[in-house]
Amino acid sequence: MSLLEDLSKDRRVVLYAVVLALAIILIGTLGLKFGLDLQGGSYLQLQLEGAVAQVDVTPEKILEVQFNASSVQKLGNAYVVMVPGKVKATLPDDLGYSGSKMVEQNNITKITITAIDTDIITNYLKKSMDADVKIVGVAPVQYEIRTNVTRESLNAILAPVGGKVSTGENAFVEGLTVETVDETKKVLDSKLNRLGMQDIRVRVVDNKYILIDLAGMDVATAQDVVGKPGKFEIRIQADNNQTIHVLYGDAVASVDIPQGDRSGGWGVPFTLSEEGAAVFQKASIDAGAVKNPDAHPISMYLDKDEVFSAPLAAELAGSLSKVPVRTLEARVGSGDAGSTKAKELYIHLREGALPVNVAIVGSGQVSAALGKQFKIQMVIAGLIALLAVAAMVFYRYRERRIVLPMVATSFSEVVMMLGIWSLGGIWFGWQLDLASLAGIIMVIGTGVDQLVIITDELIRGGEAVPAASDRSIKERAAEAAEKSGVGKAVAASSKVYLGRLSRAFTIIIGAAATTAVAMLPLLYMGFGALTGFALIIIVGVILGTAIARPAYGRIIGHILAGN
Amino acid sequence: MELEDIVSKYPPKQIMLIPVVIIVLALISLGVTYLNTGSPVKLGVEFTGGTLVTVPATESEDAVSAEYDKYPLVDVRNIGNRYMVQFGPMSDSEYSDLAKQTVSKYGTNAEIRHMGPIYSKELQAQVVRYLPLSFLLMAAVVFVVFRELMVSLLVVISALADILTAAASMNVTGVQLSLGTVAALLMLIGYSVDTDILLSMRVLKRKGTTEEKIVGAMGTGFMMTGTTIAAVFSLIIVSNFLYLIIPSFTRMDIIADMTTVLIFGLAADIFNTWVTNAQGLRWYMNRPRKSARGLKR
């Protein structure tokens, strides 16, 4: 009775009881999520390719080479390119300079391109690498190139236009910006969600790798699903209250990264193929959208879901009545909402294609039946571990009063870990996989280590007598106490007791800290395969050191001193 | 007890020869493997790239080999109720065919793990980067705990000896370096110092002769390593041998590799804590000097 009363006043014991109860409630209500290797399914590991670079190159030289020009002049916000002879009418558009004007006079073609220097460099990089390029830094200007590129290959691309990668280590950094990686993850998320897939998990590791878990799917299907684009369609409102088909995604030649204009409006520029532009013009005229745009909005669909709908802009309707227009922009609104919408539409227009080039690093599948079996095997291993540890503890102390609290503490640490895990499952998508189950078993093994340290410090505090297992604990404890001058078994609140406990904890905290820091690298290693293992050990060590072991110290102290 | 006698009777410098010899032997083993293969331990499929497929054992091993003969087949093994088929590196399209063929025959009952060249290269780079980092972090914590150069150094050296011995034991037992074994080596970095910290704390903080304190700490230390070994042992049994008794169970490779390395590391830890570290402490504490025994922080 007095034991319980005493303990209920100790805040460490109270904290322990509360956390343990919370953990049980959490596991009961939230449940535990199992990893792919325990429930079956397939996984893909993708590497995002790209680099951020600074380049030394002049826009004039680029234009000169691209157009085979005799001279290039910068005039305010525009470049005037003079080309000897005739130039194909679509050349500026083909090269990505939309909205440029072309005049031919005396066998010399004068092309006026409205663009600033960085636009031209971006454009050149894009065209020569067939990949997206985005400006990610100002002063110095940095270009994010979203494909596999090295300093050497970039230099080779810039050499024909007299440019090179700027000197210095920082001028070429492999990897993408966090925003781009995040965007790629979103594309995958939205794509897999759209396909109505349950239980998918997309994670980013090291800002470089994307890991996709697809529960209950075989790996051949998974590769198809992730690699296959969605079905994009443009439709137009006809007179009879119905929409009619205009184009499919194959008519969209390219999509640009969303841009905000000066008034804060956002839009996604995209370019149609030549044939696509002709079809688009004809459909607009036939449907009457050119004459009355507001009654005949253009809508876009991805996998049958409407993703955009708006009438033709007045000036576009005007142009379309005369010529096909290849370069269009889908305006979505202004402000933050517009920016978000533009980014979404950008994803959709690209038919769910990823914004960066990816390489498949690894993939595979796990059998559901095998996963179930592994789960059973691990539970067996856990029980054997607990029993083996209990047997060892009993062999050493020959005292039920020590064995039971020790094993119970160890088991309660497991419960607490699982409690945190079920919470982490909701917040961060933590899952119990084979590796984290192994981690739990390791925590059982080392957690008991530390309980042994506490117990031994308390029993044989001040002196160093070799373990004499034929003597009972009480005898040894009493002897120890006598030597250290207390004269009787250590009272649970005495100074000697507290001193020993604190000494035990110096050892424990040192040992726990080394275990935790040694595990840190594993959080990032191996493409996340061992994250669960490292994380559960770190969580277990922290929980054990901060909550369970202090409480055990108190409880065992009371048990040894009392009765 | 013999170990207790050794610990306290013979002069430290003589006993220290044993760990030195063991470390040298471990280094030779790692060095020879390095000269032969280009890495100090044998690299597993995760580090060389390749594909592992395990399928239910419904037909003979030969039939399975024949089925996959157009791919770079390396090995077919029975792992209890299932076959593990290992392939060398192959092209993406070959792998894609392999995956389709396996899925169409075995459905989701097949287990497939494909590790492309980027994966294995990156993994190698990670090990080279993170293993030393982990060790340095551990050493930093040890220095913070003791704030005394020699004592900390002894702990770190013992841990290093553990890792080297465990790595060399991989070469002896034929365990290859896999993600699991790297995890085991990292874990050893963390665990091996537990007992060293206990020992050094007891020797520094308690009253009595160094020898008495070492022998006293030994009881606790053996128990600590014992419980860890008990946990590791249960994993070894379940991952390695259970399938031999209960036919529906399967060998769990990653756990089996991990625990093999751990058990060697823990065995090395017993030796290095109670011989290497303990003798080092004996020599350090009993050396002729001006300051009194029972150092304060």
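**View 1. Helix 4 of chain A against a four-stranded sheet.** Helix 4 (residues 59-67) of chain A lies across strand 4, strand 5 and strand 7 of chain A, and the helix runs at about 35 degrees to strand 5 of chain A. The model shown here, as in every view below, is a predicted one. The sheet beneath this heading is open and consists of four strands of chain A in the order 4-5-7-6, with antiparallel pairing. Strand 4 (71-75) and strand 6 (101-105) of chain A stand at the edges and have a single partner strand each, so one side of each is left without a neighbour in the sheet. On average, and with direction ignored, neighbouring strands of this sheet are turned by 20 degrees against each other. Strand 5 (residues 78-84) and strand 7 (residues 108-114) of chain A are joined in the antiparallel sense over seven bridges, and Val83(A) stands opposite Thr109(A) in strand 7 of chain A.

**View 2. A sheet of eight strands drawn from both chains.** This open sheet, with antiparallel pairing, has the strand order 12(A)-13(A)-1(A)-22(A)-4(B)-1(B)-3(B)-2(B). Its edge strands are strand 12 (200-205) of chain A and strand 2 (73-78) of chain B, each of which pairs on one side only. Neighbouring strands here are turned by 15 degrees against each other on average, if direction is ignored. Where the chains meet within the sheet, strand 22 of chain A pairs with strand 4 (residues 111-115) of chain B in the antiparallel sense over four bridges, and Ser363(A) stands opposite His114(B) in strand 4 of chain B. Helix 6 (residues 92-106) of chain B lies across strand 22 of chain A together with strand 1 (50-56) and strand 4 of chain B, and runs at about 5 degrees to strand 1 of chain B.

**View 3. Strand 1 of chain A and its two partners.** Eight of the eight residues of strand 1 of chain A are buried, so this strand is largely enclosed by the rest of the structure. In a regular strand the side chains alternate between the two faces of the sheet. Here Gly41(A), Tyr43(A), Gln45(A) and Gln47(A) point one way from strand 1 of chain A, while Ser42(A), Leu44(A), Leu46(A) and Leu48(A) point the other way, and all are buried. Strand 1 of chain A is joined by seven bridges to strand 13 (residues 209-215) of chain A, running antiparallel, and by eight bridges to strand 22 of chain A, also running antiparallel. Leu46(A) can be followed to both partners, since it stands opposite Ile210(A) in strand 13 of chain A and has Ile360(A) as its bridge partner in strand 22 of chain A. For Tyr43(A), the bridge partner in strand 13 of chain A is Asp213(A).

**View 4. The contact between chain A and chain B.** Chain A gives 67 residues to this contact and chain B gives 70 residues. On the side of chain A that touches chain B, two or more residues come from each of several elements, including strand 1 (41-48), strand 22 (358-366), helix 13 (368-397) and helix 17 (495-519) of chain A. Helix 13 of chain A supplies the largest share of that side, 14 residues. By class, the side of chain A that touches chain B has 42 nonpolar, 19 polar and six charged residues.

**View 5. Met378(A) in helix 13 of chain A.** Met378(A) lies in helix 13 of chain A, and it is buried, with 24 other C-beta atoms within 10 Å. Leaving aside residues up to four places away in sequence, Met378(A) touches Leu434(A) and Leu437(A).

**View 6. The largest nonpolar core.** This core has 229 residues, of which Val389(A) and Met138(B) touch the most other members. Helix 18 (residues 531-561) of chain A gives the largest share of the core, 17 residues. Not counting residues up to four places away in sequence, Met138(B) touches Thr514(A), Val517(A) and Ala518(A) from chain A, and Ala159(B), Ile189(B), Gly190(B) and Val193(B) from chain B. Apart from the largest core lies another, of 31 residues, among them Tyr97(A), Ile121(A), Val161(A) and Phe172(A).

**View 7. The two domains of chain B.** The domain assignment of chain B gives domain 1 (2-44 + 118-286) and domain 2 (50-115), and their C-alpha centres lie 36 Å apart. Nine residues of domain 1 of chain B are in contact with five residues of domain 2 of chain B.

Technical notes
Residues numbered from 1 in each chain as written. Chains lettered and ligands numbered in written order. Predicted model: local features only at pLDDT ≥ 70, side-chain atom pairs only at ≥ 80, totals over all residues. Contact = placed C-beta atoms within 7 Å. Nonpolar A, V, L, I, M, F, W, Y, C, P; charged D, E, K, R; others polar. Pairing = 2+ DSSP bridges. Domains from an automatic or database assignment. Core = buried A, V, L, I, M, F, W, Y, C linked by C-beta atoms within 7 Å. Buried ≥ 20, exposed ≤ 12 C-beta atoms within 10 Å, placed from the backbone. Axes fitted to C-alpha atoms, helices over the stretch in contact; angles between N-to-C directions.
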